[in-house]
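Reader: Could you take one part and look at it closely with me? I would enjoy seeing how it sits among its surroundings, and then what lies further out.

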Amino acid sequence: MATGRSTTTGRNRTTQTNATTRANATTHKNATTHKNASTHRKQIHLAAHFPGADNTTVWADPRSRSQIDFSSFEHLARTAERGKFDFFFLAEGLRLREHKGRVHDLDVAGRPESLTLLNALAAVTDWLGLAATMNATFNEPYEIARRFASLDHLSGGRAAWNVVASPDAFTGENFRRAGRPDRVDLDQGLDSARPGETLSTRAAEFLSTARELWDSWAEGGTPKPVVHHGRHFSVEGRFGVPRSPQGHPVVIQAGDSGEDREFAASAADVILTRHGTLEAGRARYADVKGRLARHGREPDDLKIMPGVTVVLGDTAAEAQEKAAEIRRQQVSPQNAILALEQVWGRDLSAYDPDGPLPALDPVPESALVQGRAKIANAPQTAARWRALSEAKGLSIRQTVIESTGRQSFIGTPDAVAAELDTFVQSDAADGFVLVPHLTPGGLDDFVDHVVPLLQERGAYRTEYTGTTLRSHLGLRHPVWKG
Amino acid sequence: MPAPPVRSPVHLAASLDGGGQYEAGHFTALARLAEQGTLDFVTLGDSFTRPGLEALAVLSRVAPATERIGLVPVVNTTHTEPFHVSSAVATLDWVSRGRAGWSPEVSTTEAEARLFGRRPAARSAEVWHEAREVADVAAKLWDSWEDDAEIRDQATGRFIDRDKLHHVDFEGRTFSVRGPAVVPRPPQGHPVTVVDATAADPRAAAVRHADVALVRTQDPLAARTAREELLDRARAHGRDPERLRVLGSIPVALHTTADAVELAGLIGDWHDERAVDGFHLRLADPERDLALIVKATVPVLQHRCLLRRFYPGATLREHLGLTRPVNQYATAGGVRHGHG
């Protein structure tokens, strides 16, 4: 207990020091912005994703720690803040995944409730943005608007909301609305779980209703009653939280479809995308940024941040070997059979992971797997895996490992820093969401070895220059629409 | 059967409510002050219509900045999702390392109903029946992971033992929940449930689900009668009355050190009357009143051996002398329930 006390005292001292620095940062903001502007180098934005409940998170590594103890979240958040990251990001899970009607047991499972956790992280960080994924399907706008406004107040303007919609009946079994879908949900078919479900009209109205609530208090003023009667929501009354430091928390949207991009262009501040080649990134970047003008927005008003994985080594060869080893860790023998079952849609537990692929054909539209994105075009995937296995003489597990996506950036810190910078300078991205495979130390090496090189290149901040997440991201303060 | 004797030393809790506060620092300073006075817990009220931040968010923000004090936010069960409520309270317990409680409250007003537009305002009896169901399902969800469900067994490649995770399959009047929880079983097993049992409808919830029942009264004899009734009814519901604490909830406004000493006298008198297990002090001005309580009330009580001088344990349950609940799904002989 004595150790715990002294640690906390030390931390509090740090917090006070940083709070003073935070106050000064606003004063110095203009000068710093001017200095950066004179170099004309586009600045990289970085975010840290807490390792999630899927097989990319390697729990069997001896360095892997708790997925639920607060200390793990504190470690990654402090690492990200040490690396001057823009924000810390939590995904959402509202039902444990199931396989063959039983709780899936091979991957990390269990997570905290995101906003509660982020409010606690606000106490142990001073600058880092705090982003939570919150569902528009199983929540109501008044409560969510209030919860994000609360986080924004309690963190001094560091809140962000990743808006998602996932009207699947499996998750719905944990919620009121599943038993009582409203009129519109019935129209749209609540039962039709669609892979990669994009933002529905419900999510768009959910967000615009939240904005009406946030805008109902003038800055330093009194609230006006909100009257919203839309297709999905009916909200009448006064919002209980005064305008928060950021006005509106930063709004994030994830997805790559045309609908996702259009929604992000109309309403989001950050879009999270998949990582791909430099050319694919540039094409997407041009497409997404090109959509903004139609919504009366500037290209800088929406930041494009692909989710990426990074593996570092002292040499390129060492990094490649480490990357291959991580992929082997991610695909245990049991996970290989599971991956196969996801594609084949049938029970393949009798197969040997070190043996050949099954000769059977996949079952289309199988209900074997619940609670995760279904594999699109399963027969094609099965055919591709068979061809790969036959061509290279690979076992089931080797085939799955081989088909697992390569990490996005593999190399020495120098090479990785250069590549990241290239993506941003050539307009394939505005920054990256880093997805580590280890809890909680998965970004330690990146922050220690790559961040200083990005800073040397003049492509990344050496100090935070503003106090809010909007200021880190270079976003404008939202115009009050009272 | 006679009610168990009142607890000694007394349990002390204080409310942090006071209008117009939106800064984390305000609440952190108050909670630290309460911790300096070795209080068991602080409470923070909530409603969707009153101006103010979400109480559970505020106390989550306070948790890492404190070490021992219990944290008990009011949580609405009428316009919220029981599954989210259970997850948030469990998470407060994780981030505070076992210091969370929650105080379920209902909403009966049209004004709150219109903010959600989902259901009309309902009568107290109806929404308190629902609150009881929410407390019931919350406890089931907290138990839906057994404590040793995470195994990280390299030989079989399993992170969890799914025989130790349980669907709860709860069917209430207004909602159903399949489970299991997404949050593993919290450090205290069940965070502490605190119910203001002054009115009849919440009292029916308190005798079934509360670990701590609050009774608003200024008369020690009335408090003693209320305590005995609560413990009798808890026993009638098959509960061990030793597992329910009854605190007198009294309004407090202190202006001088003399007032604070007088409060210590009042607490001592109530204790002599064997009226209650402790007090929930509803402070008129938390900053002023708490400072005076820590300066003058607490030392007097400590001198009279009516209040402890330090926290002997780390969790709120330990402060209250409440044992960690047995998991309702765990079976001693290793026989599994049919779920999984």
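Author: Happily; let us take helix α1 of chain B, residues 24–36. Helices here are DSSP runs of H or I with at least four residues, strands are runs of E with at least two, and both are numbered from the N terminus. The 13 residues of α1(B) should span 18 Å at 1.5 Å a residue, and the C-alpha atoms at its ends are indeed 18 Å apart, so expectation and model agree. The expected span is 1.5 Å times one less than the number of residues.

Everything here comes from a predicted model, in which local features need pLDDT of at least 70 and side-chain atom pairs count only at pLDDT 80 or more, while totals for chains, interfaces and linings use all residues. Residues are numbered from 1 along each chain as its sequence is written, and chains are lettered from A, ligands numbered from 1, in the order in which they are written.

Which residues of α1(B) are buried? They are A24(B), F27(B), T28(B), L30(B), A31(B), L33(B) and A34(B). Buried means that 20 or more other C-beta atoms, placed from the backbone, lie within 10 Å of the residue's own; 12 or fewer makes it exposed, and anything in between partly exposed. An α-helix has 3.6 residues a turn, so residues three or four places apart point the same way.

The cover over these buried residues draws on both chains: it includes α4 (141–154) of chain A, and from chain B it includes β1 (11–15), β2 (41–44), α2 (55–62) and α9 (286–303). Just after the helix, T38(B) takes a positive phi of about 50°.

Helix α4 of chain A leads us to the interface. The contact between the chains takes 56 residues from chain A and 55 residues from chain B, where two residues are in contact if their C-beta atoms, placed from the backbone, lie within 7 Å. On the chain A side, the elements that each supply at least two residues include α4, α1 (2–39), α3 (114–124) and α12 (333–344). That side divides into 27 nonpolar, 16 polar and 13 charged residues; Ala, Val, Leu, Ile, Met, Phe, Trp, Tyr, Cys and Pro count as nonpolar, Asp, Glu, Lys and Arg as charged, and the others, Gly among them, as polar. Helix α3(A) is largely enclosed by the rest of the structure, because 11 of its 11 residues are buried. Among them are L115(A), L117(A), L118(A) and L121(A), along with the polar N119(A).

Next, the packing. The largest nonpolar core has 237 residues, and L130(A), L434(A), V42(B) and A213(B) touch the most other members. Such a core is a set of buried Ala, Val, Leu, Ile, Met, Phe, Trp, Tyr and Cys residues joined through C-beta atoms within 7 Å. Its largest share, 10 residues, comes from helix α5 (residues 124–143) of chain B. Domain 2 (41–313 + 407–473) and domain 3 (332–403) of chain A each give it at least three residues, with bounds from an automatic or database domain assignment. Beyond four places in sequence, the contacts of L434(A) include L46(A), V308(A), L443(A) and F446(A).

A few backbone details deserve a look too. T439(A) and P440(A) are joined by a cis peptide bond with omega about -5°, and P440(A) lies in the loop between β15 (431–434) and α16 (444–456) of chain A. In chain B, the peptide bond from G179(B) to P180(B) is cis, with omega near -5°. P180(B) sits in the loop between β8 and β9, as does H190(B). H190(B) counts as buried because 26 other C-beta atoms lie within 10 Å, and its contacts beyond four places in sequence are A139(B), W142(B) and P325(B).

Finally, confidence. pLDDT is the predictor's confidence in each residue, from 0 to 100; chain A has a mean of 87, and 86% of its residues reach 70 or more. Over residues 1–20 of chain A, though, pLDDT is below 50, and this stretch has seven contacts beyond near neighbours in sequence. Residues 179–198 of chain A also stay under 50, with 27 contacts beyond four places in sequence. Where pLDDT is low, the predicted coordinates should not be read in detail.
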